[in-house]
Structures are given as C-alpha cells and as structure tokens.
Amino acid sequence: MAKTMIVKLSPWPALGLCCAGLAWPAPARAEANAAQKAAAESLFDDALKTMRSGHFAEACPKLEESERIDPAVGTLLYLGECYEKLGRTASAWATFREAASTAKTQGETERSRVASERADRLQPSLSKLIIKVVPETAQLANLRVTRDNVALASTLFGVAIPVDPGKYRIVASADGYKNHEAEIEVAANADSKTIEIPALVAAPAPAVAAGVAPVASSAAPAQNPPEAPPRNPEPSGSNGLRTAAYVTGALGVVSLGVGTYFGVKAISKNNDAKDLCTGTICHDPAGETLTKQAQDAATVANITIGVGAAFVVAGVVLYLTSAPKGKAESSAHVEMHPLVGRDLAGIGLGGVFQ
C-alpha cells in the first residue's frame, strides 16, 4: 500500500528518510479487495491528520485498524511513531522491529534500516516486568496465569518482558485452588519490576448439609421403592378418541350452521320469487333469477346439512366409544328431525345419554 503523499507533510525529521522510502514500489503481494483497501487508505490518511494535530490517542487505533485490514510497512512505521508519542515504548519498539523484519523480507533495505534504528534507539529505555512462579505452583497441570486478561505462556515465567509503563493485574488460577490476584505498577524509563506468584491455596471442599452423614463410596445404591400403579388407569387411546370426537362434532356443528344459513336463504329467495311470479311458469326475468338462486341455495343447504349431521353423529359415537373401560356401560339414544318453516330450514339433533 503506497502512501507517497506523506513525505512532504510529515512534521517529524526522524521519519523523513522513512517517508522517502514510501515512494519506492513494493514487491507484489496478496492484495486486499478494493473496498478493504479504500477503507485502509481512509483510516491511514485520517490517522496522519490526527497525529499532526497532536491527538495520538485517537490516531493509534485508526492506524491499528488500517494495518489489520491492509498490512503495509509504511503503516507500521507510523504506528510505531504514534505509540512512541504516547509513551508506549514497548509497543513502539515491537512495532518498529516488525516493520524492519517485514521490509527486509520484501527487499526494502532502506525502510528496514530506518525501522531498526528506531527500535534500537528505544531499547535502552524499555521498562520490563518479570513474573516468577514458585515451583509447587508452576508444576500444576492446569495452571493459568494472565496479565490484564491475556494468557501468559509458561515459557515466559521468570523472563524480563518489555512492557508499556502502567498498572498491570496478574491473576493465577488452577482447578481446585483459590485464585491469586495482584496488581503492580511499572514506571517509565527502564524501570524493572518483579512479581512472584506464591503457592496457591487449595479451595475448601463443598460444605455438607447439617445432619446429613456422608455415604461411603462402597455402599450399595439405595433401592427406590416400586411405584404403585395408578388407580383405574385410563386407556391410552381414550384421550385420542375423545379429541377426535370433539373435532368431528365441531365440524358437524359448523356444517349444520352453514346449511341452515343456505336453507334460510333458499326459503327467502323462493318467497321473493313467488311475489313476482304466478302459476307454474314465471315470465318475470327477476322472478326467474330469484327462483334459480333459491334452487342453488337449497342444493347447498341439503349437502351441508347432510354432511353436518353425519359429522355430529360420528362425533357422538366417537365420544361414547372413548369412555374408559371398567366404568358403567354407556348408552345413548340419538334422534334427528328436520326443522322447516317459512324462514327456517335445518335439522334438529336430540337424544338421551347415560
């Protein structure tokens, strides 16, 4: 990612030679897609403007994101500069070293030299933190040591690690032991601090409830008494039959309602037609239409009432047959009769159920 426009604008003499190197063509490498490159360029340009305004705390995250999206030696060099301005000497040192290594790999000798010089200049002022772990704790197989929630490899125990000046929280934990937590502050300008993690204290065993004696592991498992069979169990299929009875009956009632509606409609249309027609032959077009509508409605009424009646009867039969065995035998007497009048046509359903 070439960023040649920065050469004329950089206010820091130390970066002058570095910026001149940005004008050199970089070797071919895997290119990010156009949208990513555009975002990385925008972040880079905005970060440089922010740095010139002296707002390094705002500029560094933008350079970090630009480097993450589209890695480039030039971005690393400015990021190292930004860290250094914030006093994050260890981060600046590590970033300059990464820039030197990357530039060397890409054959950019001049930028590799500049980055190495910047790293070497910072090295004497690096502050360091040593985390020691006593042997009895270090030998725990499940030991975990973190520095500000970042895991620390066991190979770094006892090693002087360059860190940025500031406060650090060290936590050591292991299964079955209490956590050991400590805070330490590392100053700037080659400060060196050491913190030791002592032997971890075993966590107390879970408390046993009062009055309950522990059971020996060799004791035979307690036998649960057999559950008493439920009284008068209802056959498993009865609930399904009863549900089917309710559904079938409901469909029958709906069908009867629809049939009754069309029956009333047929009677009404027929009465209207009689008002317009005389005799067996109707010569009034409106009367003929009403007669046809009455016949159609009557047909629908007959079909739906018949279907509805069948559904209702089927629902009653299903309900009676779903009665649990062992109970008194159920008996039923069902009667159906038509309901016909001037403004009514339907079917009546009645009977005796025991």
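Guide: Buried means under 20% relative accessible area, exposed means over 50%, and partly exposed lies in between (1.4 Å probe, protein chains only). This is a predicted model, where local features need pLDDT of at least 70, side-chain atom pairs count only at pLDDT 80 or more, and totals for chains, interfaces and linings use all residues. Residues are numbered from 1 along each chain as its sequence is written, and side-chain values use heavy atoms, with hydrogens and water left out.

Visitor: What is the relative accessible area of Glu65?

Guide: Glu65 lies in helix H3; helices (H or I, at least four residues) and strands (E, at least two) are DSSP runs, numbered from the N terminus. Glu65 counts as partly exposed because its relative accessible area is 29%.

Visitor: How far apart are the C-alpha atoms of Glu65 and Leu43?

Guide: Along the chain, Glu65 and Leu43 are 22 residues apart. In space, their C-alpha atoms are separated by 7.5 Å.

Visitor: Which helix gives the largest share of the largest nonpolar core?

Guide: A nonpolar core is a set of buried Ala, Val, Leu, Ile, Met, Phe, Trp, Tyr and Cys residues joined through side-chain atoms within 4.5 Å. The largest has 25 residues, and those touching the most other members are Met51, Leu63, Leu77, Tyr78, Cys82 and Phe96. Two or more residues each come from H2 (34-52), H3 (56-69), H4 (73-86), H5 (89-105) and H6 (109-122). With 7 residues, the largest share comes from H4.

Visitor: Which residues does Cys82 touch, beyond four places in sequence?

Guide: A contact means heavy atoms within 4.5 Å. Leaving out residues up to four places away, Cys82 touches Met51, Phe56, Ala59, Cys60 and Leu63.

Visitor: Which helix gives the most to the nonpolar surface patch?

Guide: Patch residues have over 30% relative accessible area and no salt bridge, with like charges joined within 9 Å and nonpolar side chains (Val, Leu, Ile, Met, Phe, Trp, Tyr) within 5 Å; a salt bridge is a side-chain nitrogen of Lys or Arg within 4 Å of a carboxyl oxygen of Asp or Glu. Val247, Leu251, Ile303, Val307 and Phe311 make this patch of about 410 Å², by the Shrake-Rupley method with a 1.4 Å probe and, for residues, only the protein chains shown as cover. Leu251 lies in H8, but the helix giving the most, with 3 residues, is H9.

Visitor: What average pLDDT does the protein chain have?

Guide: pLDDT is the predictor's confidence in each residue, from 0 to 100. Residues scoring at least 70 make up 69%, and the chain average is 78.
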